[in-house]
Amino acid sequence: MKRIAILTSGGDAPGMNAAIRAVTRKAIHDGIEVFGVNYGYAGLVAGDIRKLEISDVGDIVQRGGTFLYSARYPEFATVEGQLKGIEQLKKFEIDGLVVIGGDGSYHGALALTKHGFPAIGIPGTIDNDIPGTDFTIGFDTAINTVLESVDRIRDTATSHVRTFIIEVMGRDAGDIALWAGLAGGADDIIIPEKEFDMADVAKRVQDGRDRGKKHCLIILAEGVMKGHDFADKLSEHGDFHARVSVLGHVVRGGSPTARDRVLASKFGWEAVELLKQGKGGLCIGMKDNQVVANDIIDTLENGKHKPDLTLYQINKEISF
Ligand code: ADP
Ligand code: F6P
């Protein structure tokens, strides 16, 4: 391959810039020209494409967000949109595309692959909900950002002897709540992958109070329900006066952790290595601490992300 392109799509994630840098620098190192596509698939269809040089990706490894910008662009789910995208890639004489994004973005890469255009997916989302990888770029930063907030909320919860519901992002996945909850010593973690009984939650809160516990923190994944609805339902089981804190998009920004930067660098390097060998239709991941490349069609059609539920059980047994 002589020319490749790279885009970021869907919800941005800290570490996407580090991945863009890795792809660009590795490609240039190997004598391949690199083009950056702005605004994900929207920019691809519009032909918003520019050549990237070594210095273009300087001073971005430490920045959150994505300097190629991102977009939600439902039109790319249509064949018409996809063919327009391929037309633009051909116009720029690009032979392969690296897509950094989440599940939806992977479906775009899958569509390009089905049309015969080599595309490689790199998992980039704070949600950690992509099949074919144990971890996604941005997840580690996100859980550390949540953790910082949980620690702060614990201070005020203790001072006022209060119960807090902390709602965190994750779309339909509970990974962020699970990891940040265990790390933050949450009294309970509520995730879509585990059914819960509000009466049990209330009992846990009341038992803590009865033992003289000063704070009570419940980490709630947004995929279950809204924080305020949860607080209302909890109040049907007792006089808890729970405060609700919705962390929201705060968790999607910020400088990536070392772990996310390293993951992004490894994935970016691997993507170029694969394209160099003429390989497309793959998605990169980390399995048992090894970088792997799986067939993107098989991964999306047959794979399913599962959170590590041992964390849930451990939390039940050690945090109360
Ligand atoms: P994420 O990649 O973070 O999961 P989205 O679900 O919003 O975010 O997907 C990002 C983009 O990927 C969409 O806006 C759209 O352009 C593209 N996309 C999503 N689903 C498909 C699909 N089924 N086929 C082709 N492209 C898709
Ligand atoms: O997929 C990443 C994510 O931040 C989810 O956790 C969240 O549900 C969603 O994106 C929010 O999307 P938007 O930024 O479009 O509101």
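How far apart do the C-alpha centres of domain 1 and domain 2 lie? In this predicted model, the distance between the two centres is 34 Å.

## Domain organisation

The domain assignment divides the chain into domain 1, which comprises 3-138 + 256-302, and domain 2, which comprises 141-252. Domain 1 is thus formed from two stretches of sequence, 3-138 and 256-302.

The two domains meet in the model: 13 residues of domain 1 are in contact with 12 residues of domain 2. Both domains also take part in the surroundings of ligand 2, since each of them supplies at least three residues to its shell.

## Ligand 1

Ligand 1 sits in the largest pocket. Its surroundings consist of 16 residues, and the closest are Arg72, Tyr73, Gly104, Ser105 and Arg171.

Oxygen atoms of ligand 1 take part in several polar contacts with the protein. The side chain of arginine 72 places an N or O atom 2.8 Å from an oxygen atom of the ligand, and a polar side-chain atom of arginine 171 lies 2.6 Å from an oxygen atom of ligand 1. Glycine 102 contributes through its backbone, with an N or O atom 3.0 Å from a ligand oxygen. On its own, ligand 1 has 550 Å² of accessible area, of which the protein covers 81%.

## Ligand 2

The space taken by ligand 2 is likewise the largest pocket. Around this ligand are Arg72, Ile126, Asp127, Met169, Gly170, Arg171, Glu222, His249 and Arg252. Classified by residue type, this shell has five charged, two polar and two nonpolar residues.

Which side chain has an N or O atom 2.5 Å from an oxygen atom of ligand 2? That side chain belongs to glutamate 222. Histidine 249 also approaches through its side chain, where a polar atom lies 2.8 Å from an oxygen atom of the ligand. Arginine 171 instead uses a backbone N or O atom, at 3.4 Å from an oxygen atom of ligand 2. Taken alone, ligand 2 exposes 400 Å², and the protein buries 74% of that area.

## Residues shared by the two sites

Arg72 and Arg171 are among the closest residues to ligand 1, and both also appear in the shell of ligand 2. For arginine 171, the polar contact with ligand 1 is made by the side chain, whereas the contact with ligand 2 listed above involves the backbone.

Methods:
Residues numbered from 1 in each chain as written. Chains lettered and ligands numbered in written order. Predicted model: local features only at pLDDT ≥ 70, side-chain atom pairs only at ≥ 80, totals over all residues. Heavy atoms only, no water. Near = heavy atom within 4 Å. Polar contact = N/O pair within 3.5 Å; in protein donor to acceptor, adjacent residues only side chain to side chain. Areas by Shrake-Rupley, 256 points an atom, 1.4 Å probe, with all protein chains shown as cover. 1 Å grid on protein atoms, 1.4 Å probe; cavity = no way out; pocket = protein on both sides within 12 Å on 5 of 7 lines; lining within 4 Å. Sits in = over half its atoms within 2 Å of the grid points. Nonpolar A, V, L, I, M, F, W, Y, C, P; charged D, E, K, R; others polar. Domains from an automatic or database assignment. Contact = heavy atoms within 4.5 Å.
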